[in-house]
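Visitor: Can you walk me through this one? Keep it quick.

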Amino acid sequence: MSEKKSKGQQLQKALAYKKKNYYETADKAEKKAIFDYAKGYMAFLDAAKTEREACDFAVKAAQEKGFTEYKFGEKLAAGDKKYFVNRGKSVVVFRVGTKNLEEDGIRIIASHIDAPRIDIKQNPLYEDSGMAFLKTHYYGGIKKYQWTAIPLALHGVIVKKDGEKLNVRIGENAKDPVFYINDLLPHLGQEQMSGHANKIIDGEQLNVLVGGMPFDDEDVSEKIKLNVLAILNKEYGVTEEDFLSAELSAVPAYGARDVGFDRALIGAYGHDDRVCAYPALTAVLDNETEHTVLAMLVDKEEIGSEGTTGIQCKVYEDLMEEISVAMGANFRKVRFASKCLSSDVTAAYDPNFAGVYEKMNSAILSCGTAMCKFTGARGKSGSNDANAEFVGEVRKMFAEEGVVWQTAELGKVDAGGGGTVAKFIANLNIDTVDLGVPVISMHSPWEVVSKADLYSNYKAFLAFMK
Ligand code: MN
Ligand code: MN
């Protein structure tokens, strides 16, 4: 084939836009960096399956990098490296820069560390027909039928009568028992399988199997339940009443694994949104910058960002105001000058379900982190629709640092939709755009992402901080 390009080929190269597969453009060293970075991320996934565990992981990582805990009212100076913990379920790590805060603002990367799962109810334990179960109430948007017939682990806390807090994490060690949600055998599933997918498994059928051995005493009833209680009391010192003030979740008991012969992809529970939280965290922990930068790892995104640990809570605005005041800056001016990458996952185009996507504007796997100018449903409803000016500014940052990235929209028009925390930050008068990793099988118990997109997301944050 001739080396010389025709005039049309040259013109096409100069004028037309085409997405690039990151693996295809990466040289040997870059490919190694992609794979090395994924290892740290996968260790994070296994250590942090709930927001509490992700928060603890972030605090420990921050401390190892010389960050110290920030308390409201504290004095700050350029060069300070701080973390702020909100109720053990959300954490903000930040660096105070040398640039004038009123002119340069704060560079914010906002991600969330909660993920869809099965929460245990407050009065959960019962027995029926040779089995003991825990009643549950699912958290976030799930396809309920996907959570049956898989090994589950229990994570969370139990606050005992005397106020003592017990951390629970059972089912992650090979020696631990796991838990389980029953499904119906196909032989008897004729009626079940002909129903609406939402009704294949009902919310009240998501009961977690936790025991099957009766307590050895003829004089008591509910022997299997009693035996479970006896074990819990012996091992953890809890009684049935302690469930009233517990926060326990059933999550998939398996860990993160490479997917594919070429190991290009990662399968794991809870990529949404740890695949953005981890790059946000490591970008701020590992890299110096003259800007004031802030990585937010928040809770409750999957149920509307409500509550004291969701991003709608005043505490995050208060924190930014505290930083501004400590640096002698006018907070209103700081907000006006601030910029935010709202970092959450988007749907990767899946050829197996091509009908719900519009391919030209979908995120293609391994083509880099995906920018969604807008999210929302129907006519962009509920979306922060970022300004072209801000999109242009971010695009320029990425180009200067050689970030492989793409734009995306979650599905085709009117196929459904979704939202992120972007609008809540934009409401503070801060320019915000969504940027995150494309995910296959989002909100399922085991989601898939590309290692290239993970690393591209990290590189995008570095460009944003530069
Ligand atoms: Mn998310
Ligand atoms: Mn989600």
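Guide: We will take the metals, then a helix, a sheet and a surface patch.
Guide: This is a predicted model, where local features need pLDDT of at least 70, side-chain atom pairs count only at pLDDT 80 or more, and totals for chains, interfaces and linings use all residues. Residues are numbered from 1 along each chain as its sequence is written, chains are lettered from A and ligands numbered from 1 in the order in which they are written, and side-chain values use heavy atoms, with hydrogens and water left out.

Visitor: Which protein donors hold the manganese ion (ligand 1)?
Guide: H112 (NE2), D272 (OD) and D344 (OD, listed twice), at 2.1 to 2.5 Å. Donors are N, O and S atoms within 2.8 Å of the metal (3.2 Å for Na, K and Ca); water is not among the atoms, so sites may look incomplete. The sequence spacing is H-x159-D-x71-D.

Visitor: And the manganese ion (ligand 2)? What are its protein donors?
Guide: D272 (OD), E302 (OE, listed twice) and H443 (NE2), lying 2.0 to 2.6 Å away. D272 coordinates both manganese ions, which are 3.3 Å apart. D272 sits in helix α8 (residues 271-286), while E302 is in the loop between β14 (292-298) and α9 (315-326), 30 residues apart. Helices (H or I, at least four residues) and strands (E, at least two) are DSSP runs, numbered from the N terminus.

Visitor: D272 and E302: buried or exposed?
Guide: Both D272 and E302 are buried. Buried means under 20% relative accessible area, exposed over 50%, partly exposed in between (1.4 Å probe, protein chains only). D344 is buried too.

Visitor: How much of α8 is covered?
Guide: Mostly covered: 15 of its 16 residues are buried. Its end C-alpha atoms are 21 Å apart, which agrees with the 22 Å expected at 1.5 Å a residue. That expected span is 1.5 Å times one less than the number of residues.

Visitor: New topic. What is the strand order in the open sheet?
Guide: Seven strands run β8-β7-β11-β5-β6-β10-β9, with antiparallel pairing. Two strands pair if DSSP finds at least two bridges between them. β8 (165-170) and β9 stand at the edges with a single partner strand each, so one side of each has no neighbour in the sheet.

Visitor: How many bridges join β7 to β8?
Guide: Six, with β7 covering residues 152-159. V159 stands opposite K165 in β8.

Visitor: Last one. Where is L185?
Guide: In the loop between β9 (180-181) and α6 (190-194). L185 counts as partly exposed because its relative accessibility is 40%.
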